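Notebook open, model loaded. I want to go through the salt bridges, the helices, the rings and the surface, in that order.

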Amino acid sequence: MISGEFDLSIGSTVGAASMILALGTNQFGGPTWPMIAMALMAGGLIGLCNGLAVVKTKLPSFIVTLATNFIVIGATMGVSRLIANVTSSSIFASESAKMVFAFRWGQANISILWWLLVAFIGYRVLSRTAFGNWIYATGGNEDSARAAGVPVERVKVTLFVATGVAAALVGILQGIQWNSGNSTYGMGYVFQAPIVVVIGGVLLTGGYGSVAGIVFGTALFGVISSGIFYTGWNTDWIQLFLGLLLALAVLANNYVRRLALTSK
């Protein structure tokens, strides 16, 4: 989103990755790690298709990736039905895979460490590399970035591929932790991901944002989602609070942007 693009296909990619792992280890009896590699490659391929479609057709990424989301989940459910006559299946993961993707200590899960690792990598890329500057430039003003020598199309395609791989990683983490794959695992993330990013300070128009802000937005989203449940309130209120939080975040981001543009 910092580069000015959306990817709404992450939900179906999460489910597809978990089902690749489930069908590969359960129905075909394949080893876990090659199936994990296949799931990650599938995520990257979905991202590559999204990126090429966006840069070649010049269509809004919101529409392109929303279409991809339906295509991928439909294909995942259809193929799963053909192979095993199910849309969810158990995963038989090796002990080494469970240690890497599903290890627990108390109430904590290793997915927290994965989250921090990915956040750190994102921080390093955005703040310490030329590619990070290209991302900001692409989101700020695509034409100016291109005139300055930024490979805009390559930046966008690379980001879509990275997003697809990251979504597949989430599918693998969830699948191994829950010992099952499901075609619909990630559908809740389709709009949750943009919400937490906006809450974290990223402008919808692109060009501005930080990994630290996104981490904060994600944590705040999780606290609100879980906190209402633990307070004993009716969980029907969750959507109301999240909607209000998103509206406030958008207004605040827009105000800060106008303030920055008008300041001398």
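**Entry 1: a buried charge pair.** I started with Lys156 and Glu5, and both turn out to be buried. This is a predicted model, so I keep that in mind throughout. Their side chains form a salt bridge, with N to O at 2.7 Å. Lys156 belongs to helix α8 and Glu5 to the segment before α1, so this pair ties together parts 151 residues apart in sequence. I looked up the accessibility of Lys156 too: it is 7%, and buried means under 20%, so the label fits.

**Entry 2: the other partner of Lys156.** Lys156 also meets Glu142 in a salt bridge, again listed at 2.7 Å from N to O. This one links helix α8 to helix α7 (residues 142-147), with the two residues 14 apart along the chain. Glu142 is partly exposed, at 28% relative accessible area. I then asked which residues the wider salt-bridge network links. It takes in Glu5, Lys58, Glu142, Asp143, Arg146, Glu153 and Lys156. My count for the model is 7 salt bridges.

**Entry 3: a local bridge.** Glu95 and Lys98 form a salt bridge whose closest N and O atoms are 3.9 Å apart. The cut-off is 4 Å, so the pair still counts. Both sit in helix α4, 3 residues apart, which puts about one helical turn between them. That fits the usual geometry: with 3.6 residues a turn, residues three or four places apart in an α-helix point the same way. Glu95 is exposed at 58%, while Lys98 is partly exposed at 29%.

**Entry 4: helix α2.** I checked the length of α2 next. Its 26 residues reach 37 Å from first to last C-alpha, close to the 38 Å expected at 1.5 Å a residue. The buried residues of α2 include Gly43, Gly44, Gly47 and Gly51, along with Met35, Ile36 and Ile46. Among the elements covering the buried residues of α2 are α1, α3, α4 (95-101) and α8. Right after the helix comes Lys58, with a positive phi near 65°; Lys58 is also one of the residues in the salt-bridge network.

**Entry 5: Asn50.** I picked one α2 residue to look at in detail, namely Asn50. Is Asn50 buried or exposed? Its relative accessible area is 0%, so Asn50 is buried. Leaving out residues up to four places away in sequence, Asn50 touches Asp7, Ser9, Val64, Thr65, Thr68 and Phe160. Of those contacts, Val64, Thr65 and Thr68 are on the list of buried α3 residues.

**Entry 6: helix α3.** Same length check for α3 (residues 61-84): 24 residues should span 34 Å at 1.5 Å a residue, and the end C-alpha atoms are 33 Å apart, which agrees. The buried residues of α3 also include Ser61, Asn69, Val72, Ile73, Thr76 and Ser80. Cover for the buried residues of α3 includes α1 (10-27), α2 (32-57), α8 (152-178) and α9 (189-199). Asn85 follows α3, and its phi is positive, near 60°.

**Entry 7: Thr163.** I went over to helix α8 for Thr163. Thr163 is partly exposed at 29%. Apart from residues up to four places away in sequence, it touches Asp7 and Ile10. Asp7 is also among the contacts of Asn50.

**Entry 8: rings.** I count 6 aromatic pairs. One of them is Phe101 with Trp114, stacked at 5.4 Å centre to centre and 10° between the planes. Phe101 is in α4 and Trp114 in α5, so the pair ties together parts 13 residues apart in sequence. Phe101 is buried at 5%, whereas Trp114 is partly exposed at 22%. Trp178 and Tyr185 make an edge-to-face pair, 5.1 Å between centres and 75° between planes. Trp178 is partly exposed at 48%. Ring pairs also join Trp33, Phe101 and Trp114 into a cluster.

**Entry 9: a nonpolar patch.** Last, the surface. Which residues make up the nonpolar patch of about 660 Å²? They are Met99, Phe103, Trp105, Ile112, Leu113, Trp115 and Leu116. Helix α5 (residues 111-128) gives the most, with 4 residues. I checked Ile112, which is found in α5: it is partly exposed, at 39% relative accessibility. Patch residues need over 30%, so Ile112 clears that cut-off.

Definitions and conventions
Residues are numbered from 1 along each chain as its sequence is written. This is a predicted model: local features need pLDDT of at least 70, side-chain atom pairs count only at pLDDT 80 or more; totals for chains, interfaces and linings use all residues. Side-chain values use heavy atoms; hydrogens and water are left out. Patches are made of residues with over 30% relative accessible area and no salt bridge: like charges are joined within 9 Å, nonpolar side chains (Val, Leu, Ile, Met, Phe, Trp, Tyr) within 5 Å. Accessible areas come from the Shrake-Rupley method with a 1.4 Å probe; for residues, only the protein chains shown count as cover. Buried means under 20% relative accessible area, exposed over 50%, partly exposed in between (1.4 Å probe, protein chains only). The expected span of a helix is 1.5 Å times one less than its number of residues. Contact means heavy atoms within 4.5 Å. Rings of Phe, Tyr and Trp (its six-membered ring) pair if their centres lie within 6.5 Å; planes under 30 degrees apart count as stacked, over 60 as edge-to-face and the rest as tilted.
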